[in-house]
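Got your viewer open? Load the model and get ready to click through a few selections with me.

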Amino acid sequence: LIERGQAEHSVTTTCAYCGVGCSFRAEMKGEEIVRMVPNVEGQANHGHSCVKGRFAIGYASHPDRITTPMIRKKISDPWQVVSWDEAFAYTASEFKRIQEKHGKHAVGGITSSRCTNEETYLVQKLVRAGFGNNNVDTCARVCHSPTGYGLKSTLGESAGTQDFDSIEQTDVVLVIGANPTDAHPVFGSQMKHRLRQGAKLIVVDPRRIDLVRSPHIKADFHLKLKPGTNVAVLNTLAHVIVTEGLVKDDFVAARCEPEAFERWKTFVSQDKYSPEAMEATTGVPADVVRGAARLYATGGNGAIYYGLGVTEHAQGSTAVMGIANLAMATGNIGREGVGVNPLRGQNNVQGSCDMGSFPHEFPGYRHVSDTATRQLFEKAWGVPLLDEPGLRIPNMFESALDGTFLGLYVEGEDIAQSDPDTQHVTAALSAMECVVVQDLFLNETAKYAHVFLPGSSFLEKDGTFTNAERRISRVRKVMKPQSGYADWEITQKLAQAMGYPMNYAHPSEIMDEIAALTPTFHGVSFDKIDRLGSIQWPCNDEAPEGTPVMHVDEFVRGKGRFMLTEYVPTREKVNAEHPLILTTGRILSQYNVGAQTRRTENSMWHEEDRLEIHPHDAEERGINDGDWVGISSRSGETVLRAKIADRMQPGVVYTTFHFPGSGANVITTDNSDWATNCPEYKVTAVQVLKVSQP
Ligand code: SF4
């Protein structure tokens with residue numbers, strides 16, 4: 001199906017799945033896509049791609065696409081197809097009615113990391129300027145919000161420090177809480193290439209992920225920690241580096257705040273953080289921690305790559321700060337081959353955060369309470385703006401259940417499936433009076449919606465995505481929007497219906513406005529991206545062609561700041577009733593909740609979510625490979641087929657969440673990161689028992 005004849009011309013665009021941001025040529029025959037070919041000139045992928053990107057055209061033309069707007073007064077009513085004008089008028093009248101009755105804070109919006117920068121910018125502008133509040137949030141809330149908080153606190157910028165190609169200069173690769181060969185396959189291949197050339201490898205992960213042992217690659221150290229103990233492990237690594245005199249004193253003296261460093265040094269030197277003292281807590285043998293710490297500190301250029309296994313914890317932000325501390329202490333920052341590198345899950349997580357879709361920040365990570373910034377936006381947008389942060393996604397749910405938040409606009413995000421503790425989410429959605437879903441398909445959230453606005457796929461619009469290395473790349477329209485409007489046009493029409501003027505003729509004009517109002521984007525334009533191929537921000541007068549490596553001469557915040565990272569065990573505990581820890585992740589051929597990949601040929605490789613369980617735990621329960629098992633937690637229960645896997649450690653089970661029926665999030669809890677409310681998806685105490693059938 002991906003080969004549909006002889007191509008006549010091609011359009012270069014960017015993959016809409018993961019944070020690698022591969023460039024593709026959509027080869028066309030008339031209006032039809034013939035095939036997707038990875039672009040050899042792509043600066044993030046150099047001509048490579050994975051199966052997800054190649055097959056992506058399948059979902060854009062899938063018969064499940066909804067292409068007409070629909071409304072219904074009650075969620076028990078059948079959907080009624082309406083014109084676009086009726087849909088906008090109805091939505092605007094409902095939001096206005098709710099605001100008149102319950103106050104202007106009773107409505108808000110959620111945007112997605114699947115949207116372009118320009119779309120995300122418009123959603124936060126609609127909420128701040130059109131709704132008159134700061135109740136805007138993004139799905140980055142549930143994945144990398146701790147990255148923003150942790151890196152901003154320590155280094156001064158909420159972004160990764162390196163470009164992908166930097167790994168070609170790396171001597172020691174430290175991967176923590178990430179599985180790049182499945183979740184970021186093209187960069188995972190680049191990493192493996194470097195490892196095959198001889199770079200050393202340290203893996204910190206509860207599972208024996210493929211990187212630990214694959215053809216011609218064997219990790220020098222695998223720290224097989226207990227889920228929920230990242231911060232403890234990071235503190236033991238820091239303890240060894242400090243107490244064995246492995247700190248790069250000259251770097252720290254020149255580049256970091258001295259008082260904060262001294263405090264941190266005393267803090268991690270405490271006996272309680274010695275590898276021996278922490279062994280029972282983390283499950284990692286002391287000699288393995290010592291070996292890994294020595295290798296990272298003395299092995300040459302050390303680069304840390306991390307993912308959601310770091311951020312989706314009750315101490316996600318603390319762990320990110322712990323990682324930054326390690327990089328500063330060893331001088332592994334500010335040049336090629338080193339750095340702190342969050343592997344962003346979705347294609348535009350970085351961009352959606354950059355664009356101000358958090359309730360406390362304007363574009364460019366500037367707090368809403370900052371008067372000068374607020375005045376800048378007030379002047380540009382022509383309305384007064386609030387100086388108080390708005391509601392985060394979990395607060396929106398709580399306020400809905402309190403009866404104070406009743407109208408929600410959700411663009412490109414299936415919160416009923418992707419957010420934790422599903423029963424809580426659906427109860428909150430059920431309590432709202434007007435839920436508006438803008439998406440390609442009638443997703444799980446649409447079951448609770450009153451208005452459905454048919455969105456556009458990445459092939460149907462212009463714009464930009466920003467990948468994990470801060471690289472802004474063009475998304476180019478390959479075909480006309482099936483519903484008649486691209487997503488940015490829908491948001492613009494909704495703003496107009498609400499009485500707030502938006503009149504962009506093309507997404508390039510939106511980017512021009514972003515650039516004018518955001519110092520790190522001052523030099524960005526569609527024309528320049530077209531000329532250079534892509535741009536890594538910051539891009540401005542100091543760096544007119546972008547910035548592959550950050551913090552070179554000084555940190556963005558001036559001096560780097562060591563933060564104290566006290567280990568606090570999660571409140572999610574195992575007991576006799578729930579004796580196992582469930583952790584979650586992804587598989588190569590599927591993507592997140594699977595709304596797109598399940599509608600492509602990818603499902604030939606992976607048709608269901610399975611529960612991986614160690615042979616010892618399986619035997620104890622009489623479970624054989626392929627048996628159905630019931631999984632129950634304090635939040636709920638679900639049924640999956642078991643997969644016996646000796647890569648698991650005893651006491652820990654694992655599953656993916658690509659298929660709606662299995663509902664891993666039915667059993668995850670409402671625990672979250674102390675700083676950002678990022679959910680603790682990675683630690684849920686469960687019981688697993690054999691059942692006869694689903
Ligand atoms: Fe590249 Fe990620 Fe798309 Fe695969 S899913 S083609 S690695 S951007």
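This tour goes from the ligand to a sheet and then to the nonpolar cores. Keep in mind that you're looking at a predicted model.

**Stop 1: the ligand.** Select the ligand and show what surrounds it. You'll find 14 residues there, and the closest are Cys-15, Cys-18, Cys-22, Cys-50 and Gly-53. Now color by element: helix H1 (51-55) and helix H7 (185-196) are the ones that give two or more residues to this shell. Try coloring by class next, and you'll get eight nonpolar, five polar and one charged residues. Color by domain, and you'll see that domain 1 (9-60) and domain 3 (145-342) each supply at least three residues.

**Stop 2: the sheet.** Switch to cartoon view and look for an open sheet of seven strands with mixed pairing, in the order S5-S4-S19-S18-S17-S6-S7. Which strands stand at the edges? They're S5 (80-81) and S7 (136-138); each has a single partner strand, so one side of each has no neighbour in the sheet. Now zoom in on S18 (residues 434-439) and S19 (residues 451-454), which run parallel and are joined by four bridges. Pick Gln-438, and you'll spot Leu-453 of S19 opposite.

**Stop 3: the cores.** In soluble globular proteins, nonpolar side chains tend to be buried together. Here the largest nonpolar core has 93 residues, and Val-173, Ile-202, Leu-237, Ile-241, Ile-304, Ile-323 and Ala-324 have the most contacts inside it. Click Ala-324: beyond its neighbours within four places in sequence, its contacts are Gly-150, Leu-151, Thr-154, Leu-155 and Val-340. Last, select Val-107, Val-368, Val-410 and Met-502, which are among the 70 residues of a second, separate core.

Definitions and conventions:
Residues are numbered from 1 along each chain as its sequence is written. This is a predicted model: local features need pLDDT of at least 70, side-chain atom pairs count only at pLDDT 80 or more; totals for chains, interfaces and linings use all residues. A residue is near a molecule or strand if its C-beta atom, placed from the backbone, lies within 6 Å of it. Ala, Val, Leu, Ile, Met, Phe, Trp, Tyr, Cys and Pro count as nonpolar, Asp, Glu, Lys and Arg as charged, and the others, Gly among them, as polar. Domain bounds come from an automatic or database domain assignment. Two strands pair if DSSP finds at least two bridges between them. A nonpolar core is a set of buried Ala, Val, Leu, Ile, Met, Phe, Trp, Tyr and Cys residues joined through C-beta atoms within 7 Å. A residue is buried if 20 or more other C-beta atoms lie within 10 Å of its own, exposed if 12 or fewer, and partly exposed in between; C-beta atoms are placed from the backbone. Two residues are in contact if their C-beta atoms, placed from the backbone, lie within 7 Å.
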